Amino acid sequence: MTTSKKAENVRDVIRYLQKFKNAILVIYLDDKTISSPLFSSHIRDIALLHQAGLQVVLIPGARRRIDEVLDNAKIKWTHNEGIRVTTADAMPLIKMAAFDVSNTVMTSLAANNITAVIGNWVRARGKGVLGGFDFGTAGEIDKLETEAIRTVLNDGFIPIFPCIGWNAAGHPYNISSMLLAKQVAMNLKADKLFFMLFNEEICAQKYAIPDGFALSEAGNIPAMNLEEVDRFIEKNFTSGGEVKNILKAAQEACRAGVTRVHILNGNLDGVMPCEIFSGLGSGTMIYTGGYGKVRQMERTDIPSVLAIMKPFVESGKLLSRTEAQITEGLQDYIVYELDGGIHACAALHFYEDGQAEIAAVAVDENYAHMGIGPKLIDTLIEQAGEGGASSIFIMTTQTADWFEKLGFEEDALESIPEERRKLWDSRRGSKVYRLKRKMSC
């Protein structure tokens with residue numbers, strides 16, 4: 001990794017630290033992650049996030065521990081619609097198992113000098129009898145003591161939620177940790193809700209990817225908006241399942257005001273800080289808006305744009321441009337901004353004879369698989385039409401194939417405006433490519 005790339009990564013971390021100072025993170029850890037060798041590493045990362053000024057809430061899954069305790073006691077249970085159903089004699093053991101897992105998390109945090117609090121902030125009611133089926137000890141969330149939770153956070157502690165809720169009379173119920181995490185995030189209007197699932201990734205190796213979805217270099221879907229989540233579910237799920245349920249929960253949380261929801265693989269070391277402190281992250285983010293956008297360049301973007309252009313200039317794909325040159329033509333440039341960072345640029349120059357030139361197209365190599373380049377070109381083609389351009393051309397030495405895929409075809413050098421021909425350098429030998437379709441004003 002080059003020094004400039006290392007520096008850009010550090011800048012990303014600093015930018016995100018500023019952005020998420022005092023942010024609320026609600027983190028669901030599934031039971032497989034908690035029992036994995038990487039658990040202590042994840043807890044260390046959570047401790048570092050807390051120490052960096054982020055407010056953390058933890059909801060540990062306890063399914064396997066509850067299974068183990070009930071099996072040892074030879075108490076049988078069933079599942080209905082993904083919900084554990086037991087008789088009342090199982091409840092003391094379920095409660096013991098749930099608090100046992102929460103204590104494991106609290107002890108690990110203490111080993112990292114972090115104080116956590118296990119609380120009974122959940123008011124629940126019995127699920128009851130539905131369609132003639134008695135759900136026994138299974139409960140639903142009735143109310144959360146939101147202000148008490150905020151007090152714990154403001155006092156500098158990490159709240160831990162066992163998967164148990166109590167009714168007004170003190171009767172306990174077993175509730176879903178996943179749904180609890182969603183509800184806590186919604187009530188707190190959390191900035192981020194994390195679902196850490198062991199060995200689970202939203203990637204091309206495991207799922208069918210709908211057309212038009214951007215993938216990371218590793219084949220993961222880095223982000224989906226709510227409409228894209230619907231398309232993904234429709235293509236991959238005919239019935240229920242944990243991932244489908246979490247995707248649905250993510251949509252509901254986002255619609256209720258949670259800024260972003262993240263699905264992470266608990267079998268990857270450092271997955272959480274990588275997800276928080278980098279634009280592409282390391283998992284899949286569900287969002288409502290404000291993630292990535294094309295916009296006009298501003299003066300403060302110029303250092304980032306020059307850094308993006310540098311490798312393309314060094315390889316001969318782009319002409320070198322100075323800060324003064326870009327400043328002079330600032331109104332011609334657009335950028336792609338993702339979470340406040342600039343990761344691509346392009347420019348549109350108009351000429352007196354009505355032609356327009358697309359130039360200075362550069363995309364950060366780490367984001368090259370996300371379809372940002374075509375988005376920039378589409379935006380500039382639209383701007384050219386709005387500006388009354390008669391046709392659009394580009395000049396290229398090494399990217400002809402890419403522009404051909406976008407609808408450009410080779411044209412004669414004599415076809416471009418005379419003032420542009422005067423700048424043509426025979427040593428570079430740039431070729432002219434023109435957009436095939438006619439412009440519509």
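Here are a few exercises on the pockets, cavities, rings and cysteines of this predicted model, each with a worked solution.

**Exercise 1. Work out which residues and elements line the largest pocket.**

Start with the space: the largest pocket holds about 1000 Å³. Next, look at its middle. The lining has 34 residues, and those closest to the centre of the pocket are Arg 63, Gly 82, Ser 176, Ser 177 and Met 178. Then bring in the secondary structure. Two or more residues each come from helices H2 (31-34), H4 (63-72), H7 (177-188) and H9 (242-255), and from strands S4 (83-85) and S9 (139-144). H7 has the largest share, with five residues. Finally, sort the lining by class: you get 13 nonpolar, ten polar and eleven charged residues.

**Exercise 2. Do the same for the second largest pocket.**

This pocket contains about 620 Å³ of space. Of its 29 lining residues, Lys 317, Leu 318, Val 361, Thr 399 and Phe 403 are the closest to the centre. Now check the elements: strands S20 (355-363) and S21 (391-396) plus helices H13 (372-386) and H14 (400-405) each supply at least two lining residues. Which element gives the most? That's S20, with seven residues. By class, the lining of the second largest pocket splits into 19 nonpolar, four polar and six charged residues.

**Exercise 3. Find the second largest cavity and describe its walls.**

First, the count: the structure has two cavities of 30 Å³ or more. The second largest cavity has about 40 Å³ of space. Go round its walls and you meet Glu 200, Glu 201, Ile 202, Asn 220, Ile 263, Leu 264, Asn 265, Ser 282, Gly 283 and Thr 284. Strand S15 (residues 260-265) is the top contributor here, giving three residues. The class split for this lining is three nonpolar, five polar and two charged.

**Exercise 4. Classify the Phe 133 and Phe 135 ring pair, then look for charges over rings.**

The model has ten aromatic pairs in total. For Phe 133 and Phe 135, the ring centres are 5.0 Å apart and the planes meet at 75°, so this pair is edge-to-face; the cut-off for that label is over 60 degrees. Are the two residues buried or exposed? Phe 133 is partly exposed at 30% relative accessible area, while Phe 135 is buried at 2%.

Phe 135 also has a charge over its face: Lys 127 lies there, 5.4 Å from the ring centre. Elsewhere, Trp 77 has the charged end of Arg 84 over its ring, 5.1 Å from the centre. To finish the ring hunt, pick out Tyr 207, Phe 232 and Phe 237, which form one aromatic cluster.

**Exercise 5. Decide why Cys 274 has no disulfide partner.**

Recall the chemistry: a disulfide is a covalent bond that joins the sulfur atoms of two cysteines. Now find the closest candidate. For Cys 274, the nearest cysteine sulfur belongs to Cys 203, and it is 17 Å away, so the gap is too far for a bond. The cut-off is within 2.5 Å. Across the model, the disulfide count comes to zero.

As a last step, check how accessible a couple of cysteines are. Cys 274 is partly exposed, with 41% relative accessibility. Cys 254, on the other hand, is buried, at 5% relative accessibility.

Methods
Residues numbered from 1 in each chain as written. Predicted model: local features only at pLDDT ≥ 70, side-chain atom pairs only at ≥ 80, totals over all residues. Heavy atoms only, no water. 1 Å grid on protein atoms, 1.4 Å probe; cavity = no way out; pocket = protein on both sides within 12 Å on 5 of 7 lines; lining within 4 Å. Points joined across faces, edges and corners; volume = space filled by probe spheres on them. Helix = DSSP H or I, 4+ residues; strand = E, 2+ residues; numbered from the N terminus. Nonpolar A, V, L, I, M, F, W, Y, C, P; charged D, E, K, R; others polar. Phe/Tyr/Trp six-rings, centres within 6.5 Å; stacked < 30°, edge-to-face > 60°. Buried < 20%, exposed > 50% of the residue type's maximum accessible area, 1.4 Å probe, protein only. Lys NZ or Arg CZ within 6 Å of the ring centre and 35° of its normal.
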